[in-house]
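Please open the model in your viewer and keep the selection panel at hand. The tour below goes from one selection to the next and says what is to be found at each stop.

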Amino acid sequence: MNRILILFIVSVFALNACSGSKKTFRTRAHKTDQQFNDDDTIAEIRFGRNLAARILGKYSPWKNKKALRYLNLIGSGVVAQMGRTDLEFYFTILDTDEINAYAIPGGYVFITRGAIELMENEAQLVGAIAHEIAHINQRHIVKKMNIRGADNAFLASISAAAGGGAVSGVTALDRKLAQAIDALFGTGLDKQLEIDADQEGIQMIMALGYNWKSYNDFLVKIDNQLYQNRRKIISKTHPPIQERIKRLYAIAEAEGMLDYIGKLNKKRFNDNIRN
Amino acid sequence: MNKSRQQILIAISLLLASVAVSYASLDSKTDALSNLGKPDYVTLAEVENQIVDPEEAILFLNEAENE
């Protein structure tokens with residue numbers, strides 16, 4: 001009897017562990033496949049629209065037409081240089097004092113008014129946009145959430161959500177949305193992904209002729225303003241600011257741009273943002 | 001109550017507790033969603049309509065400023 005009981009208890013825990021081990025296996029299997037096809041991109045866009053709509057359910061866009069048009073001109077200009085060609089990119093400013101920017105799969109880049117107001121010039125705005133576009137280009141959330149076109153259960157849940165489906169039908173979507181929201185609003189991505197986005201971002205600032213050191217100043221400013229209370233949490237997923245700056249200087253040195261003084265476009269920035 | 005019955009009861013209790021923990025974990029994830037609000041597809045469409053002409057954007061970005 002005791003043997004049967006032990007077997008039963010072991011089976012219970014094995015059954016419960018199954019979902020976790022399956023997920024780990026799937027993630028690992030997809031990591032070996034770096035190729036993304038059209039179906040994957042379609043799944044990414046559909047997921048991104050749902051996530052973007054959720055965020056817009058909490059934060060309204062800033063009703064400042066001049067600033068929004070300015071952001072879209074700058075954003076689309078940067079996208080023309082570095083953005084993925086399989087996506088349409090969209091930009092907006094969220095009307096909140098919070099200091100943040102969000103790179104949402106499918107090409108949605110949201111920057112908060114708080115972050116924009118902390119900036120001093122166009123070079124800093126270009127840097128922030130380029131960093132977020134780099135996250136989308138490199139599919140950081142897509143890979144983290146394992147969003148794939150071949151995931152039929154996930155796609156069915158998106159369709160169910162769009163058609164007002166039953167709660168059970170949208171669970172797969174809800175779970176992935178919750179994970180993405182955790183990554184965007186809470187736990188962050190991870191240190192290496194931030195470094196990768198920094199690298200692509202700073203190279204774009206330099207290629208466009210902007211003052212890359214001003215973007216560094218902005219990162220330090222954010223660190224002082226935003227991370228004071230959250231440093232312990234942020235430090236788990238973001239490299240320390242000193243490390244980020246050190247790496248950015250190393251990139252500038254490798255590119256032969258260490259002494260380059262690029263444009264700031266401070267007046268144009270102020271005319272459009274602080275109007 | 002004999003010993004084997006007690007053991008079966010303990011096993012069933014463990015099973016129920018394990019299922020409860022799984023659901024609690026799922027609930028905490030859906031809480032994060034409900035805190036973020038309901039999706040606003042109307043505003044999303046407005047955001048998607050803000051798109052500008054890429055050529056105009058490139059010219060705008062490349063304009064040198066007299067500072």
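Begin by selecting helix H9 (residues 191–207) of chain A together with helix H12 (residues 241–254) of chain A, which in this predicted model pack at an angle of about 45°, with their axes 10 Å apart. That angle makes H9(A) oblique to H12(A), and the crossing of the two is right-handed. To see where they touch, show the side chains of A:Glu194, A:Ile195, A:Asp198, A:Gln199, A:Ile202, A:Gln203 and A:Met206 on the H9(A) side, which meet A:Glu243, A:Arg244, A:Arg247, A:Leu248, A:Ile251 and A:Ala252 of H12(A). If you colour this contact of H9(A) with H12(A) by residue class, you will find six nonpolar, two polar and five charged residues.

Next, select helix H3 (residues 65–82) of chain A and, with it, H5(A); these two pack at an angle of about 50°, and their axes are 10 Å apart. H3(A) is therefore oblique to H5(A), and here the crossing is right-handed. From H3(A), the contact takes in A:Tyr70, A:Leu71, A:Ile74, A:Gly75, A:Val78, A:Val79 and A:Met82, while H5(A) brings A:Glu122, A:Leu125, A:Val126, A:Ile129, A:Ala130, A:Ile133, A:Ala134 and A:Asn137. By class, the residues of the contact of H3(A) with H5(A) divide into 12 nonpolar, two polar and one charged.

Keep H5(A) on display for the following stop, a cavity. How many cavities of 30 Å³ or more are there? The count comes to one, and about 50 Å³ of space lies in the largest cavity. Its lining can be shown by selecting A:Glu44, A:Ala103, A:Pro105, A:His135, A:Ile136, A:Arg139, A:His140, A:Ile141 and A:Val142. The elements that give two or more residues to this lining are helix H5 (122–137) and helix H6 (140–145) of chain A, and H6(A) gives the most, with three residues. Coloured by class, the residues that line the largest cavity divide into five nonpolar, two polar and two charged.

For the last stop, select helix H2 (residues 38–58) of chain A and helix H8 (residues 171–186) of chain A, whose axes come within 11 Å and cross at roughly 60°. H2(A) and H8(A) are therefore oblique to each other, and H2(A) passes H8(A) in a right-handed crossing. On the H2(A) side, show A:Phe47, A:Asn50, A:Leu51, A:Arg54 and A:Ile55, and then add the residues that they meet in H8(A), namely A:Leu173, A:Asp174, A:Lys176, A:Leu177, A:Ala180, A:Ile181, A:Leu184 and A:Phe185. The residues of this contact of H2(A) with H8(A) comprise nine nonpolar, one polar and three charged.

Note on methods:
Residues are numbered from 1 along each chain as its sequence is written. Chains are lettered from A and ligands numbered from 1 in the order in which they are written. This is a predicted model: local features need pLDDT of at least 70, side-chain atom pairs count only at pLDDT 80 or more; totals for chains, interfaces and linings use all residues. Side-chain values use heavy atoms; hydrogens and water are left out. Axes are lines fitted to C-alpha atoms, for helices over the stretch in contact, and angles run from 0 to 180 degrees between N-to-C directions. Helices (H or I, at least four residues) and strands (E, at least two) are DSSP runs, numbered from the N terminus. Angles under 35 degrees count as roughly parallel, over 145 as roughly antiparallel, 65 to 115 as roughly perpendicular and the rest as oblique. A crossing is left-handed if the near helix is turned anticlockwise from the far one by less than a right angle, and right-handed if clockwise. Contact means heavy atoms within 4.5 Å. Ala, Val, Leu, Ile, Met, Phe, Trp, Tyr, Cys and Pro count as nonpolar, Asp, Glu, Lys and Arg as charged, and the others, Gly among them, as polar. On a 1 Å grid over the protein atoms alone, a cavity is a set of points where a 1.4 Å probe fits but cannot get out, and a pocket is an open set with protein on both sides within 12 Å along at least five of seven lines; lining residues have an atom within 4 Å of a point. Grid points are joined across faces, edges and corners, and a volume is the space filled by probe spheres set on the points.
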